[in-house]
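Work through the exercises below with the model open. Each task is followed by its solution.

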Amino acid sequence: MRWLLGHSSPALVAAKIPAERPVVSKVKRGAVMELEVVFLEDPACSWCWAFQPVETTFLFEWGEQLRWRMVMAGLRDHPVPDPSLTIRHWQTAADVSGMPFEPDIWNSHILESTFVSCRAVKAVAVRSDEAARRLLRRIREAFYVEQQKIDDLEVVFSLAEELGLSSEDMTEQLSNGRAEVLFSADRKDGSRYGFGFPTIVIRRPTMEDPKVLQGAVPYRDLLDGLYAMGVDHKSRKRFRGTDSDWRRLLELQPRITMAELRMVTNMKPASIENRLKTMGIVREGPFYCLPLDKRQEQILIPEELSF
C-alpha cells in the first residue's frame with residue numbers, strides 16, 4: 001500500500017468544498033447546552049478527512065462541554081466524473097493535513113455514490129449519535145487508507161459489525177424509513193449553508209446569525225469562532241499529558257494518526273511515539289492503536305451504545 005502522507009503540519013488551511021447532517025454529542029451536566037457546533041460533512045469528502053486533526057482536537061477539548069452534531073448532507077449520488085482530478089485533490093489534502101490517503105482505489109473502483117454511507121451513518125444515529133460518529137470514522141479509515149468500497153452496503157455493514165453494531169438493526173432503520181428521514185433533514189440543514197465540505201456552524205437558538213466557518217479551517221479559527229459566540233476560554237480542556245488524558249484521547253479515536261496526535265498533544269513525533277510505546281500502543285500502517293489481539297478483547301462501541 002502507498003499512502004499519500006503530507007508534512008503533518010498541525011495547521012490546516014481553509015478550502016471551500018461542498019456538505020452533512022448532525023450527530024448530537026453526549027455532554028456532561030453543566031455544559032454550555034444552548035450553544036451547538038454543527039459539522040457539515042460527507043464520508044467521502046477528502047477535505048473532511050484532512051480536517052480530522054482539527055475535529056479530533058475539538059472533540060477532545062470541548063466534546064464534553066458543548067453540544068455538537070455531525071451532518072450528512074451527501075456529496076454526490078452519481079459516479080465521480082474525473083478520478084484523476086480526485087487523485088490530485090487527495091494529494092493536496094494529504095500535503096496540507098498530514099493525513100494518510102491511498103489513491104490507488106481510484107484505479108480499481110470508481111465511487112458510485114456517497115449516499116450509501118451517509119444513510120448507513122444515519123441508520124445508526126437513530127439510536128446513538130456517538131455510535132454514528134464512530135461508524136463515520138471507521139468508514140473513512142476504510143475508504144481513504146484501506147481502499148474499501150464504501151458505496152457497497154455489505155462492506156459498510158461489515159465495518160459496523162467490527163464496532164459491535166448490529167447490521168440487522170441498521171437494515172431495519174434503512175427499511176422503515178427512519179434513516180432516510182434523518183438523512184433528508186441533514187441535507188435540508190446543509191443546504192442552508194451552501195453544501196460546503198466541511199462547514200462548521202456555531203449557533204445559539206437565541207441568536208439569529210450563527211458563526212459559519214467554511215472549509216478545512218485551522219483550529220485557531222474554530223477557537224476564535226467559539227469565543228466570539230460567548231464560550232469561556234477557561235472551559236477549554238487542553239491536553240496535559242497525564243495518563244488520563246492519553247486514555248481519553250485513545251478512547252476517542254482508538255485508531256489515531258500522527259497528524260491528529262501532533263495537533264491534540266502539541267508534542268513532536270518522536271516524543272509521541274516514545275510515550276505510546278510505554279502504553280503498549282503499536283503502529284499499524286498510518287494508525288497508532290492497541291495490538292490486534294488486545295483490540296479484539298475490547299468492545300470498540302461501549303455496551304450502552306451497541307444494539
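Buried means under 20% relative accessible area, exposed means over 50%, and partly exposed lies in between (1.4 Å probe, protein chains only). Helices (H or I, at least four residues) and strands (E, at least two) are DSSP runs, numbered from the N terminus. This is a predicted model: local features need pLDDT of at least 70, side-chain atom pairs count only at pLDDT 80 or more, and totals for chains, interfaces and linings use all residues. Residues are numbered from 1 along each chain as its sequence is written, and side-chain values use heavy atoms, with hydrogens and water left out.

**Exercise 1. Take stock of the chain: state how many helices and strands the protein chain has.**

Step 1. The protein chain has 14 helices and 7 strands.

Step 2. Turn to burial. Of the 307 residues in the protein chain, 53% are buried.

Step 3. Add the surface. The protein chain exposes about 13,300 Å², and carbon and sulfur atoms supply 50% of that area. Accessible areas come from the Shrake-Rupley method with a 1.4 Å probe; for residues, only the protein chains shown count as cover.

**Exercise 2. Work out which residues of β3 are buried on each side.**

Step 1. Locate the strand. β3 covers residues 199-203, and 5 of its 5 residues are buried.

Step 2. Split the faces. T199, V201 and R203 are on one side, I200 and I202 on the other, and all are buried.

Step 3. Find the partner. Two strands pair if DSSP finds at least two bridges between them. β3 pairs with β4 (residues 211-214) in the antiparallel sense, over 4 bridges. V201 stands opposite V212 in β4.

**Exercise 3. Give the strand order of the open sheet of 3 strands.**

Step 1. The order is β5-β7-β6, with antiparallel pairing.

Step 2. Mark the edges. β5 (256-257) and β6 (282-284) are the edge strands, each pairing on one side only.

Step 3. Check one pairing. β5 and β7 (residues 287-289) run antiparallel and are joined by 2 bridges. I256 stands opposite Y288 in β7.

**Exercise 4. Explain why α2 counts as largely enclosed, then examine the contacts of E61 and F60.**

Step 1. Count burial. In α2, 11 of the 11 residues are buried, so the helix is largely enclosed by the rest of the structure. Among them are F58, F60, E61 and W62.

Step 2. Test E61. A salt bridge is a side-chain nitrogen of Lys or Arg within 4 Å of a carboxyl oxygen of Asp or Glu. E61 forms one with R236, the closest N and O atoms being 2.6 Å apart. E61 lies in α2 (residues 52-62) and R236 in the loop between α10 (219-228) and α11 (243-252), so the pair ties together parts 175 residues apart in sequence. Both E61 and R236 are buried.

Step 3. Test F60. A charge sits over a ring if NZ of Lys or CZ of Arg is within 6 Å of the ring centre and within 35 degrees of the ring normal. The charged end of R248 sits over the ring of F60, 3.7 Å from its centre.

**Exercise 5. Find how many salt bridges the whole structure holds, and compare burial in two pairs.**

Step 1. The search finds 24 salt bridges.

Step 2. Take R138 and E146. Their closest N and O atoms are 3.0 Å apart. Both residues are buried.

Step 3. Take R275 and D243. Here the closest N and O atoms are 2.5 Å apart. R275 in α13 (residues 269-278) and D243 in α11 are 32 residues apart. R275 is partly exposed at 23% relative accessible area, and D243 is partly exposed at 47%.

Step 4. Trace shared partners. Salt bridges join R137, R138, E141, E146, E162, R255 and E260 into one network.

**Exercise 6. Classify the aromatic pair of F115 and F183.**

Step 1. Set the rule. Rings of Phe, Tyr and Trp (its six-membered ring) pair if their centres lie within 6.5 Å; planes under 30 degrees apart count as stacked, over 60 as edge-to-face and the rest as tilted. The count comes to 14 aromatic pairs.

Step 2. F115 and F183 are edge-to-face, at 5.1 Å centre to centre and 80° between the planes. F115 lies in α5 (residues 115-125) and F183 in α9 (residues 178-191), so the pair ties together parts 68 residues apart in sequence. Both residues are buried.
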